[in-house]
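Got the viewer open? Switch to a cartoon view, keep the selection box handy, and we'll go strand by strand.

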Amino acid sequence: MLLYVTVGSNDLTRAGAFYDAVMPTLGYHRQRQDETEIGYGAEGDRIRFWVVTPFNRAPATYGNGVSIALAAETRAAVDAFHAAALANGGTDEGAPGLRPFHANFYGAWVRDHDGNKIAAVCERPE
């Protein structure tokens, strides 16, 4: 259903360093960058995750109640995502683990330097 998502940043260099460390844990890599945006995606796929400076030039803010969940192939990838985020200045919003949404919903939540809430979720049984 979603074509792409964006998160705002007030420091694109810092955000790029954070996401360069976190996104590869899920198989996504920086594929494009210019002075206003950085795009991440899986090899051979379109860019689906963008870190941007707001088009209206106002400061970037996060949405209260907004959480972007990225697909993880394995629970180990969820664990690696969470560890990489914390090691690169992110904050914990929910340690890796099973959640009550269904029997195989294994996720972790973090916030980046700008306060954007990002999750990694594996729904496969292990």
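Begin at the hairpin of E3 and E4, where six residues lie between the strands. Pick out glycine 44 there: its phi is positive, near 80°. Keep in mind that you're looking at a predicted model.

Now select residues 37-42, which make up strand E3, together with E4: the two run antiparallel and are joined by four bridges. Add strand E1, residues 5-8, and you'll see E4 pairing with E1 too, in the parallel sense and again over four bridges.

Which residues stand opposite tryptophan 50 in E4? Show threonine 6 and you have one of them; glycine 39 also stands opposite tryptophan 50.

Stay on E4 (residues 49-52) and turn on the side chains. Phe49 and Val51 point one way, while Trp50 and Val52 point the other way. That's the textbook pattern: side chains in a regular strand alternate between the two faces of the sheet. Are these four buried or exposed? All are buried.

Next, jump to the open sheet of four strands, ordered E5-E8-E7-E6 with mixed pairing. Its edge strands are E5 (68-71) and E6 (91-98), each pairing on one side only. From one strand to the next, the twist averages 15°.

Zoom in on E6 and strand E7 (residues 106-111): five bridges join them, and they run antiparallel. Select leucine 98 and its bridge partner in E7, tyrosine 106.

Last stop: residues 75-87, helix H2, which packs on the sheet and touches E6, E7 and strand E8 (117-122). Line H2 up against E7 and their directions make an angle of about 15°.

Key: Residues are numbered from 1 along each chain as its sequence is written. This is a predicted model: local features need pLDDT of at least 70, side-chain atom pairs count only at pLDDT 80 or more; totals for chains, interfaces and linings use all residues. Side-chain values use heavy atoms; hydrogens and water are left out. Buried means under 20% relative accessible area, exposed over 50%, partly exposed in between (1.4 Å probe, protein chains only). Two strands pair if DSSP finds at least two bridges between them. Axes are lines fitted to C-alpha atoms, for helices over the stretch in contact, and angles run from 0 to 180 degrees between N-to-C directions. Contact means heavy atoms within 4.5 Å.
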